[in-house]
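The following report describes the strands, the nonpolar core and the side-chain pairs of a single protein chain. The sequence and the structure are shown first.

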Amino acid sequence: MNKYSYYDDDGSSSEEDQEQQEEAQQQNVGLETTEGSVDLDEKDLNTNTEEKNDDLLYNDKEDDDNIKWMTQKLGLSTKTDAVLNCPCCFTLLCADCQQHERYENQFRAMFVSNCFVDFSQVMKYKGEADAVTDSNGDEVYHPVKCKNCGVEVGVYDLDEVYHFFNVFPSS
């Protein structure tokens, strides 16, 4: 049995555990002071505990701390067009990207995380004059998938640039 819980490993509580819990509650209700005993209702104890727990759950500086942590860990500037997440499992895919000028739902990036390129599949597109193409004049791409859930989130080109189109952007 876990020493921090009144429940057995299977989630049920034994009668002995319940008796110990009741004794502990009774001892906490009548508190001794130098002037005598003070009787506190169980409601008063629960109210104080709830207020303390609410204070512990809120941190008004957490967003700023998270931005600093991301900047330090990934070595990035805070100037990015969006932070990209997987649309299915919301896993972080890219924290530094550039939005496409013409297509608002497309992004390109060079540094990604939690993605893998499926080199076993090849996608071809009739190449433009300034694009890197194969011997047939086609632009070659490989699908990029989320490592966590496997959904296709974009493509990878011969210039080693990731092009994301099936992502959840946030700023």
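In this predicted model, strands E10 and E11 form a hairpin with 4 residues between them. Glutamate 160, in the turn, has a positive phi of about 65°. The two strands run antiparallel and are joined by 3 bridges. Tyrosine 156 has tyrosine 162 in E11 as its bridge partner.

**Strand pairing around E10**

Strand E10 spans residues 152-157 and strand E11 residues 162-164. E10 is mostly covered, with 5 of its 6 residues buried. E10 also pairs with E9, in the antiparallel sense and over 5 bridges. Within that pairing, valine 144 stands opposite glycine 154 in E10. The hairpin of E9 and E10 has 5 residues between the strands, and glycine 150 there takes a positive phi near 85°.

The three strand pairs for which bridges are described here are set out below.

| Strand pair | Sense | Bridges | Residues opposite each other |
|---|---|---|---|
| E3 and E4 | antiparallel | 2 bridges | leucine 84 and cysteine 94 |
| E9 and E10 | antiparallel | 5 bridges | valine 144 and glycine 154 |
| E10 and E11 | antiparallel | 3 bridges | tyrosine 156 and tyrosine 162 |

**Aromatic pairs**

A search of the whole structure finds 4 aromatic pairs. In one of them, the ring centres of phenylalanine 119 and tyrosine 156 are 6.0 Å apart and the planes stand at 90°, so this pair is edge-to-face. Phenylalanine 119 is located in the loop between E7 and E8, whereas tyrosine 156 belongs to strand E10, so the pair ties together parts that are 37 residues apart in sequence. The two partners are classed in opposite ways by accessibility: phenylalanine 119, at 52% relative accessibility, counts as exposed, while tyrosine 156, at 13%, counts as buried. Another pair consists of tyrosine 162 and phenylalanine 164, whose ring centres are 6.2 Å apart with planes at 10°, so these rings are stacked. Both tyrosine 162 and phenylalanine 164 are buried. Phe119, Tyr156, Tyr162 and Phe164 together form one aromatic cluster.

**The largest nonpolar core**

Phe164 also belongs to the largest nonpolar core, which has 17 residues. The members that touch the most others are Leu84, Leu93, Cys97, Phe107, Val144, Phe164 and Val167. Two or more residues of this core come from each of strand E4 (92-94), strand E6 (107-109), E7, E9, E10 and E11. Leucine 84 has contacts with Thr91, Leu92, Leu93, Cys94, Cys97, Phe107, Phe164, Val167, Phe168 and Pro169, when residues up to four places away in sequence are not counted.

**The sheet of E4, E3 and E12**

An open sheet of 3 strands has the order E4-E3-E12, with antiparallel pairing. E4 and strand E12 (168-170) stand at the edges with a single partner strand each, so one side of each lacks a neighbour in the sheet. On average, neighbouring strands of this sheet are turned by 40° against each other, direction ignored. Strand E3 comprises residues 83-85 and pairs with E4 over 2 bridges. Leucine 84 stands opposite cysteine 94 in E4.

Proline 87 has its place in the loop between E3 and E4. At 28% relative accessibility, proline 87 counts as partly exposed. Leaving aside residues up to four places away in sequence, proline 87 touches Val151, Val153, Asn166, Val167 and Phe168. The C-alpha atoms of proline 87 and glutamate 152 are separated by 9.7 Å, the two residues being 65 residues apart along the chain.

**The salt bridge**

Side chains of opposite charge can pair when their charged atoms come close. Which residues form a salt bridge with each other in this model? Aspartate 118 does so with lysine 145, and their closest N and O atoms are 3.6 Å apart. The pair links distant parts of the chain, 27 residues apart: aspartate 118 lies in the loop between strand E7 (115-117) and strand E8 (123-126), and lysine 145 in strand E9 (residues 138-146). Both aspartate 118 and lysine 145 are buried. The structure holds 1 salt bridge.

**The chain as a whole**

The secondary structure of the protein chain comes to 3 helices and 12 strands. Of its 171 residues, 20% count as buried. Among contacts with a separation of 6 or more in the protein chain, 36% are accounted for by residues 24 or more positions apart.

Key: Residues numbered from 1 in each chain as written. Predicted model: local features only at pLDDT ≥ 70, side-chain atom pairs only at ≥ 80, totals over all residues. Heavy atoms only, no water. Salt bridge = Lys/Arg side-chain N within 4 Å of Asp/Glu carboxyl O. Buried < 20%, exposed > 50% of the residue type's maximum accessible area, 1.4 Å probe, protein only. Core = buried A, V, L, I, M, F, W, Y, C linked by side-chain atoms within 4.5 Å. Contact = heavy atoms within 4.5 Å. Pairing = 2+ DSSP bridges. Axes fitted to C-alpha atoms, helices over the stretch in contact; angles between N-to-C directions. Phe/Tyr/Trp six-rings, centres within 6.5 Å; stacked < 30°, edge-to-face > 60°.
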